[in-house]
Number of protein chains: 4
Amino acid sequence: MTKPLNVAMIGYGFMGKAHSNAYRKVAQFFPELEYRPTLKCLCARNEEKARPFAETWGYESIESDWRRLIERDDIDLIDIGSPNDTHKDIAIAAAEAGKWVVCEKPIAMSSEEAEAMTLAVEKAGVPNMVWFNYRRVPAISLAKQLVDEERIGRPFHYRATYLQDWTIAEDVPQGGQTLWRLDVNVAGSGVTGDLLAHSIDTAMWLNGPIVKVTADTETFIKERVHQETGKKQPVGIDDACMFLARFSNGSMGTFESTRYARGRKNYNTFELNGADGSVHFDLEDPQYLDFFEHTQKQSGKKVEDHLTGWRRIHVTNFEHPYMDKWWVPGCTVGYEHTFIHALADFLQGVTSGTGTQPDFRNAWQTQKVCDKVLESAKTGKWVETGVEM
Amino acid sequence: MTKPLNVAMIGYGFMGKAHSNAYRKVAQFFPELEYRPTLKCLCARNEEKARPFAETWGYESIESDWRRLIERDDIDLIDIGSPNDTHKDIAIAAAEAGKWVVCEKPIAMSSEEAEAMTLAVEKAGVPNMVWFNYRRVPAISLAKQLVDEERIGRPFHYRATYLQDWTIAEDVPQGGQTLWRLDVNVAGSGVTGDLLAHSIDTAMWLNGPIVKVTADTETFIKERVHQETGKKQPVGIDDACMFLARFSNGSMGTFESTRYARGRKNYNTFELNGADGSVHFDLEDPQYLDFFEHTQKQSGKKVEDHLTGWRRIHVTNFEHPYMDKWWVPGCTVGYEHTFIHALADFLQGVTSGTGTQPDFRNAWQTQKVCDKVLESAKTGKWVETGVEM
Amino acid sequence: MTKPLNVAMIGYGFMGKAHSNAYRKVAQFFPELEYRPTLKCLCARNEEKARPFAETWGYESIESDWRRLIERDDIDLIDIGSPNDTHKDIAIAAAEAGKWVVCEKPIAMSSEEAEAMTLAVEKAGVPNMVWFNYRRVPAISLAKQLVDEERIGRPFHYRATYLQDWTIAEDVPQGGQTLWRLDVNVAGSGVTGDLLAHSIDTAMWLNGPIVKVTADTETFIKERVHQETGKKQPVGIDDACMFLARFSNGSMGTFESTRYARGRKNYNTFELNGADGSVHFDLEDPQYLDFFEHTQKQSGKKVEDHLTGWRRIHVTNFEHPYMDKWWVPGCTVGYEHTFIHALADFLQGVTSGTGTQPDFRNAWQTQKVCDKVLESAKTGKWVETGVEM
Amino acid sequence: MTKPLNVAMIGYGFMGKAHSNAYRKVAQFFPELEYRPTLKCLCARNEEKARPFAETWGYESIESDWRRLIERDDIDLIDIGSPNDTHKDIAIAAAEAGKWVVCEKPIAMSSEEAEAMTLAVEKAGVPNMVWFNYRRVPAISLAKQLVDEERIGRPFHYRATYLQDWTIAEDVPQGGQTLWRLDVNVAGSGVTGDLLAHSIDTAMWLNGPIVKVTADTETFIKERVHQETGKKQPVGIDDACMFLARFSNGSMGTFESTRYARGRKNYNTFELNGADGSVHFDLEDPQYLDFFEHTQKQSGKKVEDHLTGWRRIHVTNFEHPYMDKWWVPGCTVGYEHTFIHALADFLQGVTSGTGTQPDFRNAWQTQKVCDKVLESAKTGKWVETGVEM
């Protein structure tokens with residue numbers, strides 16, 4: 001038997017759209033799930049602006065104050081898709097009210113906030129998740145599977161970049177509903193929280209804890225007009241961030257993110273090199289995982305060095321993560337499916353009782369690394385992260 | 001004001017799923033559309049087998065005889081997703097009943113059937129469309145746009161392949177609900193109707209009529225167990241087909257399709273070469289259109305021959321066809337979106353009164369080419385197609 | 001002990017340069033060879049024009065009449081790099097004089113000429129070779145190795161293209177020393193002899209005989225100024241040629257060549273699909289062979305369908321054909337090395353007494369296919385090739 | 001009129017072969033050069049081992065002590081291709097004797113050595129060059145040209161990797177003639193001097209000085225058998241090195257090199273991102289330069305955002321650096337040609353009197369960065385480089 005799950009979505013921007021789509025589609029493609037989401041309520045400060053969105057997506061009601069959601073008995077799950085500076089208060093209140101809580105990344109403005117949120121959901125014992133959706137790109141999930149199958153061997157290197165180019169023009173403003181990611185008071189940081197948080201989450205999923213970092217950041221455009229004041233104001237975010245890292249497994253890591261890499265649109269890449277194999281991924285070509293298998297490990301078999309090469313796996317076979325849910329081999333899925341997969345995994349984890357990663361505690365560890373990266377960029381020194389996994 | 005559109009879907013296989021998804025999603029991503037599809041009825045011979053599908057997708061009712069759909073007043077549109085040998089009778093009856101008719105490709109078992117269907121919908125004056133969904137891959141729509149912008153110039157060559165590898169094993173059976181595409185009595189032909197029909201549709205969209213062809217086909221596995229009889233029976237379909245073509249514009253074309261190209265899963269490619277530019281596309285990398293622009297045409301500008309190269313356009317900008325409806329630059333869409341785009345265009349064409357291509361008449365022309373290809377493969381001679389556009 | 005080999009080179013154009021370079025380099029990279037070429041004589045109709053070339057390359061003497069070469073006792077090998085209409089007479093005279101004879105491709109203007117040349121060298125018993133240099137691209141040699149290792153299995157398909165774009169402009173003239181390839185009286189044919197001869201040679205090396213063809217050709221620019229007359233004259237060559245083929249092994253082939261594919265410079269590609277694997281090659285990326293290995297054939301091993309993919313083999317390992325002669329893994333060789341490899345194989349074949357392919361007899365078979373392709377383009381019918389291998 | 005140039009080559013390993021090939025080929029492909037190299041003398045400690053090499057390459061004589069070269073009047077140029085610990089003494093003595101001096105990279109064991117060498121050649125006024133051959137990959141030279149043509153605009157980012165995988169196995173020994181690069185006493189450092197020196201040279205050629213760095217190194221295999229002692233000894237080199245950098249132009253840089261990246265053979269890559277464009281290069285695909293041109297800069301022209309994309313420039317046109325010397329568009333050159341180009345540029349610089357980069361002074365600056373990278377790896381702090389350009 002299936003159970004309804006009444007969802008309240010906070011925020012109707014880009015992420016509001018991506019999450020709403022996931023709630024509407026998950027039951028058709030994962031019909032075995034116990035819970036069936038219903039779009040019960042959309043919450044947004046400005047009800048008038050939110051109404052068209054609510055109608056398009058079929059939300060049954062609208063609230064302009066998130067505190068009302070806490071009080072409503074007909075809400076099971078609260079999805080926090082509003083700007084970063086709102087995450088903590090909502091999450092803690094929702095948890096205390098016994099609601100399930102899912103939250104956009106980065107989980108918080110700081111490690112301290114993330115800790116408080118984690119303790120709140122754990123104390124309340126409510127299901128919780130942070131939307132690090134890229135883990136659910138089938139090719140990235142496949143990379144994790146190859147690691148778990150011990151096909152990579154002793155790890156030596158990991159390198160990640162997350163490059164975009166949409167803020168290069170000086171006349172892009174900051175702040176307001178559409179560009180709060182450029183306003184440090186609302187976003188907390190620039191590319192570190194927005195983009196590197198993804199890279200760090202993926203990196204620690206595949207490699208385990210990052211133990212120390214040394215970093216450097218830059219703000220290329222020093223002042224931008226603020227959409228709320230109409231005035232030029234200093235830019236407080238990091239436009240770009242690069243750092244070196246060491247993992248607890250002994251591997252070396254390089255990370256870089258920017259919004260100033262002309263020609264790169266959503267270029268989220270990683271490569272993992274181990275003694276027995278390597279994998280490479282690029283989010284602009286998300287249907288592929290490149291895999292190099294070192295063949296000498298196959299004892300009893302003639303080494304065929306004339307056949308070695310990077311294998312370009314088109315991750316659309318029925319045997320690939322999530323792909324039995326969709327179409328047929330050769331047919332791709334896209335960006336939005338990562339959210340559907342994340343939601344399906346979350347709902348399945350609630351039913352099974354095992355939970356699903358990344359939960360709040362896990363996202364807190366990623367936040368620690370983000371904080372230490374920014375600290376190192378200020379001090380110019382290597383900093384221990386204190387990640388616990 | 002929006003209007004409901006009551007949809008009856010015939011068939012619940014792979015295409016039933018793809019179409020159902022399109023009906024459910026189109027209103028969220030194309031909210032400006034006048035018509036709002038409702039999944040009113042699913043039609044399938046075996047009601048019991050169809051029931052789980054109907055429940056998953058939220059169909060309000062089920063019918064086991066398509067003739068019942070014709071009689072029901074609460075059905076506006078009939079979508080024919082059943083095997084090819086059923087298309088003609090359903091389409092003609094639906095048209096005569098005044099229903100809108102949309103039909104999976106290939107439109108029919110033969111050019112004669114396609115002609116009868118075309119005349120029926122035109123006589124009835126009902127909106128009609130054939131689901132040549134690949135025209136709606138954003139990159140293919142962009143190719144058409146570049147042609148229309150006269151960026152290709154005088155055309156010299158067109159080459160298309162559509163390669164798969166899923167029938168190589170001898171123990172793949174034929175017939176029945178899942179493998180009717182291998183049964184010539186139900187499918188009409190093999191790769192010619194299933195895959196080359198797509199290639200021909202795209203080719204004539206970009207180039208205009210194909211005027212003559214010379215072809216060759218092969219059936220590599222001569223006998224397969226039939227799922228309905230359980231016995232080995234001769235295979236009547238073409239496993240592979242290759243042909244040369246001439247377009248009315250003077251250009252030369254090569255076409256090839258097979259289900260025996262090991263390693264190719266849904267490898268639908270084309271390349272168009274003209275005096276001023278070329279485009280290349282591959283459905284396994286659907287987010288890209290490769291474009292070579294011949295720069296000497298830019299009068300008054302120094303020719304920069306050191307800068308020439310194939311431009312790999314990541315077709316995810318807001319400026320690209322359909323992409324303003326989805327996410328942000330760099331974020332891909334996938335296979336299912338082609339159906340949503342096709343549906344949106346169809347509904348928009350009804351509202352505007354201009355109709356949308358490919359309609360039945362257009363798909364009939366493609367059927368003519370398919371028929372002549374098979375005829376040429378038998379006679380070994382060049383055959384005129386008689387295409388009228 | 002090494003032996004000197006006195007070489008007479010006829011022609012000092014593009015091929016004269018490529019061959020001269022091979023003679024000068026082969027001993028340094030293949031020091032084990034018995035024969036050491038010496039550039040004894042350059043032969044060219046216009047001695048004055050040839051002199052700078054002879055000096056640059058260190059030729060010891062110059063002759064303006066190839067008949068003088070036949071008479072000279074100090075010449076061991078005659079290399080025919082002059083236009084196609086000169087091949088037959090020189091080759092037969094050289095063979096009758098007991099000279100070794102190597103000849104640029106295509107071997108002749110027609111199958112009849114090729115036959116006469118073959119019979120002459122065989123009667124004389126002299127070492128002979130035709131410069132189908134692309135067999136010696138390491139990646140193509142590797143493809144042949146994979147075929148011989150039975151990694152491809154039962155062949156189903158072969159497709160080859162050879163695309164260029166350098167004759168699109170109408171003001172490119174024909175004829176004369178530099179553009180004789182556009183003059184049908186000197187070249188014999190257009191892309192069929194110039195480019196498709198390569199494609200056919202490679203195809204039959206990998207697959208065995210082509211038994212029948214149906215073809216179509218086009219001359220897009222009907223008239224061009226002739227460099228010798230200064231007048232506009234009809235263009236007699238085929239600008240483009242496409243054909244379908246059947247191999248004696250049952251496989252289907254598509255071939256296409258043109259000089260009107262904007263953006264393609266020396267785009268010589270092939271793909272071979274068999275039951276157990278596929279290979280793909282592109283001469284613009286000559287360091288790679290793409291290989292898809294069907295893993296289910298490995299009995300006793302769990303099928304790992306999540307690992308299947310096209311392997312991009314960077315053909316620069318010591319284990320790859322010819323590559324132990326050059327640098328280290330990862331370091332590429334280029335166009336000119338194919339000639340050095342061909343020469344080394346030829347010289348080794350003389351020493352071993354086993355000869356080397358393609359010899360004149362083999363190149364004659366390729367010429368038969370070229371002739372039948374052109375015949376089919378005229379008649380519009382399938383034509384048997386009569387290839388004997 | 002041409003002049004002979006008597007060359008003495010020290011070393012007959014991999015680099016001895018690459019340089020010898022350059023001296024033998026340069027006059028055929030750059031016939032306009034004034035100087036014509038002659039392979040006068042090969043110098044190697046063990047004369048017997050060197051003899052086959054000398055014979056293969058046609059050296060007129062052999063010396064076993066490099067000091068003899070200094071004394072010989074018939075030597076014009078001394079090419080130092082012996083291990084790093086020999087560079088300084090030879091170079092200074094050669095300069096003092098008035099010989100031209102060319103030296104393999106890295107120029108020296110330390111910045112101090114490089115300084116002494118620089119002062120010596122400058123005091124003597126002799127032509128000098130360091131073989132940073134990768135500047136002469138046509139695609140890298142083209143990148144430099146695009147920078148000089150101001151097509152990149154304000155630079156924001158530079159990222160370079162140089163990855164190999166040939167030392168992963170624990171049983172690879174260190175030291176001796178073939179593996180001195182793994183012996184810190186002979187090589188000075190590991191990947192920093194061997195690979196990163198190339199990356200740094202290219203980076204500063206394209207961007208100007210690196211002003212500060214923070215670095216981290218690792219030695220994954222702690223002990224290896226030494227080929228001279230036959231005993232396991234500690235490994236003193238850096239197996240891997242990663243560092244962050246700042247350029248004087250304000251741009252941010254990431255650099256990484258390793259011999260532990262499974263599947264990467266000679267993967268020397270860089271990407272430069274500026275406000276107006278980006279370029280990307282990969283030495284395993286050396287025939288390409290990827291270029292993204294930001295089109296909004298073209299004032300007076302409609303912005304065509306649907307056409308933007310990375311242009312894959314096949315760097316084989318006559319208009320590309322060095323390519324008019326070789327074959328025809330579409331035909332690639334390879335690894336060895338970088339040395340021929342470097343030599344041609346050097347000889348041309350002597351004739352013109354303008355000299356050629358990188359000379360010793362320039363290579364000294366690269367050595368400074370290498371030293372500071374290793375220093376930072378020890379201290380864990382940012383270090384100023386002191387580069388002067």
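What rotation superposes chain D on chain A?

## How chains A and D relate

This is a predicted model. Turn chain D by 180°, with 0.0 Å of shift along the axis, and chain D lands on chain A with an RMSD of 0.0 Å. That is the relation of a two-fold axis. In chain D, the C-alpha nearest to this axis belongs to D:Lys381, at 3.1 Å. Both copies use the same surface, with 100% of chain D's contact residues recurring in chain A.

As background, two copies of a chain are related by a rotation about an axis plus a shift along it.

## Chain A as a whole

Chain A carries ten helices and 17 strands. Its C-alpha trace spans about 70 × 55 × 40 Å along the principal axes. What radius of gyration does chain A have? It comes out at 21 Å, and that agrees with the value near 21 Å for a compact globule of 389 residues.

On burial, 62% of the 389 residues in chain A count as buried. Contacts reach a long way along the sequence too: among those in chain A between residues at least 6 apart, 69% join residues at least 24 apart.

## Where A meets B

Here 22 residues of chain A are in contact with 22 residues of chain B. On chain A's side, α1 (14-29) and α2 (47-57) each supply at least two residues. The most comes from α1(A), with three residues. By class, that side of chain A has ten nonpolar, nine polar and three charged residues.

## A closer look at helix α1 of chain D

Now for α1 of chain D, residues 14-29. At 1.5 Å a residue, its 16 residues should span 22 Å, and the end C-alpha atoms are indeed 22 Å apart, so the two agree. There is still a kink in α1(D), of about 30°, centred on D:Tyr23.

Is α1(D) largely enclosed or largely open? Twelve of its 16 residues are buried, so α1(D) is largely enclosed by the rest of the structure. The buried set includes D:Tyr23, along with D:Met15, D:Lys17, D:His19 and D:Lys25. What covers these buried residues includes, from chain D, β1 (3-10), β2 (35-43), α2 (47-57), β4 (77-80) and α9 (337-352). Chain C contributes to the cover as well, through its own α1 (14-29).

Terms used: Residues are numbered from 1 along each chain as its sequence is written. Chains are lettered from A and ligands numbered from 1 in the order in which they are written. This is a predicted model: local features need pLDDT of at least 70, side-chain atom pairs count only at pLDDT 80 or more; totals for chains, interfaces and linings use all residues. Helices (H or I, at least four residues) and strands (E, at least two) are DSSP runs, numbered from the N terminus. The expected span of a helix is 1.5 Å times one less than its number of residues. The bend at a residue is the angle between axes fitted to the seven residues ending there and the seven starting there. A residue is buried if 20 or more other C-beta atoms lie within 10 Å of its own, exposed if 12 or fewer, and partly exposed in between; C-beta atoms are placed from the backbone. Two residues are in contact if their C-beta atoms, placed from the backbone, lie within 7 Å. The radius of gyration is taken over C-alpha atoms; the globule rule is 2.2 Å times the number of residues to the power 0.38. Ala, Val, Leu, Ile, Met, Phe, Trp, Tyr, Cys and Pro count as nonpolar, Asp, Glu, Lys and Arg as charged, and the others, Gly among them, as polar. Copies are superposed by least squares on the C-alpha atoms of residues with pLDDT of at least 70 in both.
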